[in-house]
Amino acid sequence: MAADNHTLTEERPRRHRLEGPQKHVIAFIFSVVLTLLAFALVMSGEMNETFIYIMLVTMAILQVIIQMAFWMHMKDRGHLFPIIGILAVPSSHLPVSLWHFIGFGGKQPIHN
Amino acid sequence: MSAHSHADGKLPHEPEKATLEGRNKVLGFWLFLGGETVLFGTLFSAFLALRHQVGEGNPTGQELFQLPLVALATFLLLTSSLTSVFAIQAMHRQQTKQLISWLVITVLLGLGFLILEIYEFYHYVHEGHGFTTSAFSSSFYTLVGFHGAHVLFGICWISLLIGQLMKKGLTVITAPKVYVSAMYWHFIDVVWVFIFTVVYLMGKVG
């Protein structure tokens, strides 16, 4: 008989605690605050460009970490594999991007 | 007793991971999201490399972008991510009605985001910022448009799942589908965080 992949395979009942919405609301508030800070920083006007770039990227990364941890369940059990995969991509790309961006990204000659 | 239901007629606590099929779907979806990350990574790289290649007389990002509109779109998408996590929590409580309601709200918020983006693109084209105007405009529309297409796909997908939930209810077959669609929706939100940072805010700075 062909194996039915839809058969329940959870052998022993694990204890599950249903989590409330509080943590997710806090993650949402953090995300909104970080977003507002980023927009306010740019709208406030004159400031050192490099400083603003670094601040913006830092806040974006922070917000993504919060959202992945809480909303994409990365803080939950059984997510080591995705975490390793996700860390591997930016750790190989970030140095190249930063070099490009701070080094000459903003000062390229325009060819017409 | 059907193999799809528990002996007491209740679903297991995490119905999305109760079957081999469900667990494979979640793992496979993480791999898919890895591929999506590389796709968006290349589009971001292309945009960063070309964003100053505006050409003579063409509008720059600094002139075009209206931050209040972008902020509103960001807020809609961020809220929709919260409502989709509420949908998953309702699923874990086996409250199918609440699950469907949260999914409907998520779809509506996504639709609001999409309408704002369509209005934005329409406005830009009238300002002389077409797809082929400059290297900047091409890379802008490719990156932001690809994200918008992902939102549209998510809206269609979750709408179909709502229909399936209404027809078949919450089972160990429908639960993994809802779970991975919520992961997809969060991923779209995460990509948008980088888009509003890199494209709009950095574009406004210069």
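Helices here are DSSP runs of H or I with at least four residues, strands are runs of E with at least two, and both get their numbers from the N terminus. This is a predicted model, in which local features need pLDDT of at least 70 and side-chain atom pairs count only at pLDDT 80 or more, while totals for chains, interfaces and linings use all residues. Residues are numbered from 1 along each chain as its sequence is written, chains are lettered from A and ligands numbered from 1 in the order in which they are written, and side-chain values use heavy atoms, with hydrogens and water left out.

**View 1. Chain B on its own terms.** Chain B is built with 6 helices and 0 strands, so along the sequence the pattern simply reads α-α-α-α-α-α. It has 206 residues, and 56% of them count as buried (under 20% relative accessible area; exposed is over 50%, and partly exposed is in between, with a 1.4 Å probe and protein chains only). Take the contacts (heavy atoms within 4.5 Å) between residues at least 6 apart in sequence: in chain B, 81% of these join residues at least 24 apart. The chain exposes about 8,300 Å², with carbon and sulfur atoms supplying 68% of that. These accessible areas come from the Shrake-Rupley method with a 1.4 Å probe, and for residues only the protein chains shown count as cover.

**View 2. Chain A, the partner.** Chain A has 3 helices and 0 strands, running α-α-α from the N terminus on. Of its 112 residues, 28% count as buried. For contacts between residues at least 6 apart in sequence, 50% of those in chain A join residues at least 24 apart. The accessible surface of chain A comes to about 7,700 Å², and 69% of it belongs to carbon and sulfur atoms.

**View 3. Where chain B meets chain A.** On the chain B side, 57 residues are in contact with 52 residues of chain A. Together the two chains bury about 4,800 Å², 72% of it on carbon and sulfur atoms; buried area is the accessible area (1.4 Å probe) that two parts lose on being put together, summed over both. B:Trp30, B:Leu78 and B:Val205 supply 13% of what chain B buries against chain A, more than any other three residues. There are 0 salt bridges between the chains, and 4 residue pairs are in polar contact, both residues at pLDDT 80 or more. A polar contact is a pair of N or O atoms within 3.5 Å; within protein, one must be able to donate a hydrogen and the other to accept it, and residues adjacent in sequence count only if both atoms are side-chain atoms.

**View 4. What the chain B face is made of.** Helices α1 (20-50), α3 (67-92) and α6 (174-205) of chain B each supply at least two residues of the side that touches chain A. The largest share, 15 residues, comes from α3(B). By class, this side of chain B has 31 nonpolar, 17 polar and 9 charged residues. Nonpolar covers Ala, Val, Leu, Ile, Met, Phe, Trp, Tyr, Cys and Pro, charged covers Asp, Glu, Lys and Arg, and the others, Gly among them, are polar.

**View 5. Two neighbours in sequence on α3, B:Ile88 and B:Gln89.** B:Ile88 counts as buried at 2% relative accessibility. Leaving out residues up to four places away in sequence, B:Ile88 touches A:His73, B:Val178, B:Tyr179 and B:Ala182. The C-alpha atoms of B:Ile88 and B:Val178 are 7.7 Å apart, though 90 residues separate the two along the chain. B:Gln89 is buried too, at 7%, and with the same sequence neighbours left out, B:Gln89 touches A:Glu19, A:Gly20, A:Pro21 and A:His24.

**View 6. B:Leu165 in helix α5.** Helix α5 of chain B spans residues 135-168 and holds B:Leu165, which is buried with a relative accessible area of 3%. Setting aside neighbours within four places in sequence, B:Leu165 is in contact with B:Leu99, B:Ile100, B:Leu103, B:Leu170, B:Thr174 and B:Val178. The C-alpha atoms of B:Leu165 and B:Thr96 are separated by 7.8 Å, with their positions 69 residues apart along the chain.

**View 7. The salt bridge of B:Glu21 and B:Lys25.** Side chains of opposite charge can pair when their charged atoms come close. The rule here asks for a side-chain nitrogen of Lys or Arg within 4 Å of a carboxyl oxygen of Asp or Glu, and it gives 1 salt bridge over all chains. In B:Glu21 and B:Lys25, the closest N and O atoms are 3.4 Å apart. These two residues sit 4 residues apart in helix α1 of chain B, so about one helical turn separates them. B:Glu21 is partly exposed at 24%, as is B:Lys25 at 28%.
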